[in-house]
Amino acid sequence: MINLTLRQLRYFDALARHGHFGRAAEACSISQPALSMQIKELEEALGGLLLERSARQVALTRFGEELAQRVRDILRSVDELGDFARASQDRFAGRLRIGMIPTIAPYLLPKITKNLTRMHPELDIRVRETMTPRLIQELVEGRLDTAIVALPVSEPSLTEVALFDEKFLLVRPGADEGTPVPSREMMREMRLLLLEEGHCFRDQALSFCNMQSAPPREMLDANSLSTLVQMVSAGIGVTLIPEMAVAVETRSASVSVARFRDPQPSRTIGMVWRKTSPLARQLLQISEVVCLSAGKVRARQPVRSQRT
């Protein structure tokens, strides 16, 4: 019988994800020599090399790559056992790992955390902010319990719950205050400032303006809504931002904000989690807290276990 420990599997999973002993050790809150020893013991127990070691980084062997996926499945199942036990209790307590995209987290996170802590004081809330593809990957792999994103996400293994719709507003230099709001056709002729590639909000803004992309000379990219608004304040161009970001991002910028004519551009904010999650009932309750925190009424779209 091969004797393995969950600790060894978690350490190997961290090493497979980070590709570096130092970063993996830091993620696991242990020393690098201790991590190396555990990985060596795992290799000896399995009777094969898992890694190709070099001075700067490590690479998985073919055996290591095949094992890494199996280990992720095992760890996800183990975590779900703990979730199953938590779900059987009357109170909602313990670790809750929530992912959020960058165009939501700065504006909703403080209110969500405050409300969840008040309603469920025994929750240990851990937040991960990154772009949608990474959140979905980590959710599927069991490293997150749920994520708040713009729907749809088109991942068959996830349940999608639509929460509310949010409008996009036009941000222009302060001197444009009171001037007519441009149509989406006119927007194509303006210098449109957008988030860099990888942000779903960028794609949504381009879609509204009927643009697949924009000429390089007419478009500048930024990695945050705050930078976009400051660029507009400097007279470099115009941009779109979600309604929830307006109060925060425009309070110290010399800009004007206007709504488009109907049909206004918008996005649907929702929560997603694994269809196998034992915490589904509790996560559905948390979705109500998210709506409360946003000051929104739940959208009427149904819960979708799979997008077709």
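Which residues in H3 are buried? In this predicted model, the buried set in H3 consists of Leu35, Gln38, Ile39, Leu42 and Glu43. They take up an arc of only 140 degrees around the axis, which puts them on the same side of H3. That fits a simple bit of helix geometry: an α-helix has 3.6 residues a turn, so residues three or four places apart point the same way. Turn to the face of H3 that looks away from the buried side, and the exposed residues Pro33 and Glu44 show up.

What do the buried residues of H3 pack against? Their partners are helix H1 (6-18), H2 and strand S1 (51-53). H3 itself is a regular piece of helix: its 15 residues should span 21 Å at 1.5 Å a residue, and the end C-alpha atoms are indeed 21 Å apart.

The pairing of H2 with H3 can be spelled out a little further. The axes of H2 (residues 21-28) and H3 (residues 32-46) come within 9 Å and cross at roughly 100 degrees. Angles of 65 to 115 degrees count as roughly perpendicular, so that is how H2 and H3 sit relative to each other. On the H2 side the contact uses Phe21, Gly22, Ala24 and Ala25, which meet Gln32, Leu35, Ser36 and Ile39 of H3. Sorted by class, this contact has 5 nonpolar and 3 polar residues, with no charged ones. Leu35 and Ile39 thus turn up twice, as part of the contact with H2 and among the buried residues of H3.

Gln38, also in H3, is a polar residue that ends up buried, because its relative accessible area is 14% and the cut-off for buried is under 20%. Setting aside neighbours within four places in sequence, Gln38 is in contact with Gln8 and Tyr11. Both of those belong to the buried residues of H1, a list that also includes Leu9, Phe12, Asp13 and Leu15. H1 has 13 residues and reaches 18 Å from first C-alpha to last, close to the 18 Å expected. After H1 comes Gly19, with a positive phi near 65 degrees.

Elsewhere in the chain, Leu144 lies in the loop between helix H6 (132-140) and strand S5 (146-151). Loop or not, Leu144 counts as buried, at 3% relative accessibility. Leu144 and Ile98 are 46 residues apart in sequence, yet their C-alpha atoms are 6.1 Å apart in space. Not counting residues up to four places away in sequence, Leu144 touches Ile98 along with Arg97, Gly99, Arg128, Leu135, Glu138, Leu139 and Arg274.

Note on methods: Residues are numbered from 1 along each chain as its sequence is written. This is a predicted model: local features need pLDDT of at least 70, side-chain atom pairs count only at pLDDT 80 or more; totals for chains, interfaces and linings use all residues. Side-chain values use heavy atoms; hydrogens and water are left out. Axes are lines fitted to C-alpha atoms, for helices over the stretch in contact, and angles run from 0 to 180 degrees between N-to-C directions. Helices (H or I, at least four residues) and strands (E, at least two) are DSSP runs, numbered from the N terminus. Angles under 35 degrees count as roughly parallel, over 145 as roughly antiparallel, 65 to 115 as roughly perpendicular and the rest as oblique. Contact means heavy atoms within 4.5 Å. The expected span of a helix is 1.5 Å times one less than its number of residues. Buried means under 20% relative accessible area, exposed over 50%, partly exposed in between (1.4 Å probe, protein chains only). The arc is that of the directions from the helix axis to the C-beta atoms.
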